[in-house]
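This report describes a protein model through its cores, its cysteines, its pocket and a few loop residues. The sequence and structure come first.

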Amino acid sequence: MNEGHLGKFSFGGERAATDDHPVVIHYLPLAATVTAALEVGTLLKRVDVADSDPAYAPFLSTDAAAPCAVVDLPCDPTGDKGEKSAACVVHGMVKTRLLKTGNNQDPSGAQLAKLAERGVFAV
């Protein structure tokens with residue numbers, strides 16, 4: 001049997017997740033309407049797509065829908081890789097100071113309460 005080092009990688013920069021409580025991170029599929037890079041801490045909402053599985057898009061401060069996830073690693077759907085999904089915290093604790101809506105606003109207390117109802121807690 002051959003054993004050897006195949007390579008390694010590491011993620012740099014700050015993440016939204018905290019070390020205070022184990023988090024659940026899923027790669028969520030992005031809606032076709034997502035055409036800008038997503039920064040760490042961006043709130044996402046679920047978008048129902050006709051004849052397809054649900055997808056996710058940035059939650060805007062003016063949205064009536066509730067936020068349900070937080071981007072944990074930078075994601076660029078327009079870059080060289082053309083990422084189709086984003087690594088997101090779907091349960092656990094996230095850093096409040098990093099949280100932003102898709103239109104670059106600080107989320108309100110009510111919006112954070114809705115996020116907490118989904119199991120993602122801002123601390």
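In this predicted model, the largest nonpolar core holds 15 residues, and the members that touch the most other members are L30, V34, L38, L44, A69, A86 and C88. Three elements each give two or more residues to this core: β3 (55-58), β4 (69-71) and β5 (85-94). The largest share, three residues, comes from β3. Apart from this core lies another one of twelve residues, including L43, V94, L98 and V120. As a general background, nonpolar side chains in soluble globular proteins tend to be buried together.

A86 shows what the surroundings of one core member look like. Leaving aside residues up to four places away in sequence, A86 touches H26, Y27, L28, L30, L38 and C75. Two of these contacts, L30 and L38, are themselves named among the core residues that touch the most other members.

**Overall fold**

The protein has one helix and six strands. In sequence order the pattern is β-β-β-β-β-α-β. The chain has 123 residues, and 34% of them count as buried. Among contacts between residues at least 6 apart in sequence, 71% join residues at least 24 apart.

**Cysteines**

Why is C75 in no bond with C88? The closest cysteine sulfur to that of C75 belongs to C88 and is 7.7 Å away, which is too far for a bond, because a disulfide needs the two sulfur atoms within 2.5 Å. Seen from the other side, C88 is in no disulfide either, and its nearest cysteine sulfur is that of C75. The search of the whole structure finds zero disulfides.

Both cysteines are shielded from the surface. C75 counts as buried because its relative accessibility is 3%, under the 20% limit. C88 is buried as well, with a relative accessible area of 0%.

**A buried aspartate and an exposed one**

Is D72 buried or exposed? D72 sits in the loop between β4 and β5, and it counts as buried because its relative accessibility is 0%, under the 20% limit. Not counting residues up to four places away in sequence, D72 touches R15, A16, A17, I25, V40, A87, C88 and V89. C88, one of these contacts, is also one of the core residues that touch the most other members.

D53 lies in the loop between β2 (43-47) and β3. D53 is exposed, because its relative accessible area of 63% is over the 50% limit.

**Exposed loop residues and their distant partners**

Two further loop residues are exposed. T35 is in the loop between β1 (24-29) and β2, and its relative accessibility is 58%. N104 is in the loop between β5 and α1 (109-117), with a relative accessible area of 55%.

The table lists, for D53, T35 and N104, a residue elsewhere in the chain and the C-alpha to C-alpha distance to it.

| Residue | Partner | Separation in sequence | C-alpha distance |
|---|---|---|---|
| D53 | P29 | 24 residues | 9.0 Å |
| T35 | A57 | 22 residues | 9.8 Å |
| N104 | S61 | 43 residues | 8.4 Å |

What is the phi of N104? It is near 60 degrees, a positive value in a residue other than glycine. In general, most residues other than glycine have a negative phi.

**The largest pocket**

The largest pocket contains about 230 Å³ of space. It is lined by 14 residues, and the closest to its centre are A37, E39, T42, T101 and G102. By residue type, the lining divides into seven nonpolar, five polar and two charged residues.

Key: Residues are numbered from 1 along each chain as its sequence is written. This is a predicted model: local features need pLDDT of at least 70, side-chain atom pairs count only at pLDDT 80 or more; totals for chains, interfaces and linings use all residues. Side-chain values use heavy atoms; hydrogens and water are left out. On a 1 Å grid over the protein atoms alone, a cavity is a set of points where a 1.4 Å probe fits but cannot get out, and a pocket is an open set with protein on both sides within 12 Å along at least five of seven lines; lining residues have an atom within 4 Å of a point. Grid points are joined across faces, edges and corners, and a volume is the space filled by probe spheres set on the points. Ala, Val, Leu, Ile, Met, Phe, Trp, Tyr, Cys and Pro count as nonpolar, Asp, Glu, Lys and Arg as charged, and the others, Gly among them, as polar. Buried means under 20% relative accessible area, exposed over 50%, partly exposed in between (1.4 Å probe, protein chains only). A nonpolar core is a set of buried Ala, Val, Leu, Ile, Met, Phe, Trp, Tyr and Cys residues joined through side-chain atoms within 4.5 Å. Helices (H or I, at least four residues) and strands (E, at least two) are DSSP runs, numbered from the N terminus. Contact means heavy atoms within 4.5 Å.
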